[in-house]
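User: I want the labels on this model justified. Please set each value against its cut-off.

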Amino acid sequence: MAQCQSIGFKIVPLEDDKTLQDLVLSVFHSTTITFTMTPAAKIIENHLNRAFIKLAMPGPMPLIPPPIKKPDAGIFEFPSPAPIKPQLP
């Protein structure tokens, strides 16, 4: 960041605005989960809530099982999804 500022870039650290930081991290975490748990490979969404989602492989989206709560640990664990089998025509 210091190097960019030294050559003239105006930079405002994300940490300076807690609300903006929370919003940016929410989008980051949501897309990370989406790309990890689904075959989505590309997401484009506009201000009108219109979205284009490109899938890495054609076929139906796999069903993701709900998280399992461990009885005494108080934490949630996500089971591994079944392998995705490509649908051939």
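The questions below take the labels in turn.

Analyst: This is a predicted model. It has two helices and four strands, in the order α-α-β-β-β-β along the sequence.

User: Why is Ile 53 called partly exposed?

Analyst: Its relative accessible area is 48%. Buried needs under 20% and exposed needs over 50%, so a value in between is partly exposed. Ile 53 therefore gets the middle label. Its place is in strand β2, residues 51-55.

User: What makes Phe 35, Ile 43 and Ile 53 a nonpolar patch?

Analyst: A patch residue needs over 30% relative accessible area and no salt bridge, and nonpolar side chains are joined within 5 Å. Ile 53, at 48%, passes the area cut-off. Together the three residues expose about 250 Å² of accessible area.

User: How do you know that β1 and β2 pair?

Analyst: Pairing takes at least two bridges. Strand β1, residues 40-45, shares five bridges with β2, in the antiparallel sense. Therefore the two strands count as paired. Across that pairing, Ile 43 stands opposite Ile 53. Both residues belong to the nonpolar patch.

User: Why is Asn 49 called exposed, and where is it found?

Analyst: The cut-off for exposed is over 50%. Asn 49 has a relative accessible area of 63%, so the label holds. The residue is found in the loop between β1 and β2. That hairpin has five residues between its strands.

User: What makes the phi of Asn 49 worth a remark?

Analyst: Its phi is near 60 degrees, a positive value in a residue other than glycine. Most residues other than glycine have a negative phi.

User: Why is Met 1 called exposed?

Analyst: Its relative accessible area is 55%. Exposed means over 50%, so Met 1 qualifies. Met 1 lies in the segment before α1, which covers 2-6. Its C-alpha is 7.5 Å from that of Ile 11, ten residues apart in sequence.

User: How does the span of α2 fit the expected value?

Analyst: Helix α2, residues 18-37, has 20 residues. The expected span is 1.5 Å times one less than the number of residues. That gives the expected 28 Å, and the helix reaches 28 Å from its first C-alpha to its last.

User: What makes the Asp 17 and Thr 19 pair a polar contact?

Analyst: The limit is 3.5 Å between N or O atoms. A side-chain oxygen of Asp 17 reaches to within 3.2 Å of the backbone nitrogen of Thr 19, at the start of α2. The pair therefore meets the distance limit.

User: How much of the protein is buried?

Analyst: Buried residues make up 3% of the 89 residues.

Technical notes. Residues are numbered from 1 along each chain as its sequence is written. This is a predicted model: local features need pLDDT of at least 70, side-chain atom pairs count only at pLDDT 80 or more; totals for chains, interfaces and linings use all residues. Side-chain values use heavy atoms; hydrogens and water are left out. Patches are made of residues with over 30% relative accessible area and no salt bridge: like charges are joined within 9 Å, nonpolar side chains (Val, Leu, Ile, Met, Phe, Trp, Tyr) within 5 Å. Accessible areas come from the Shrake-Rupley method with a 1.4 Å probe; for residues, only the protein chains shown count as cover. A salt bridge is a side-chain nitrogen of Lys or Arg within 4 Å of a carboxyl oxygen of Asp or Glu. Buried means under 20% relative accessible area, exposed over 50%, partly exposed in between (1.4 Å probe, protein chains only). A polar contact is a pair of N or O atoms within 3.5 Å; within protein, one must be able to donate a hydrogen and the other to accept it, and residues adjacent in sequence count only if both atoms are side-chain atoms.
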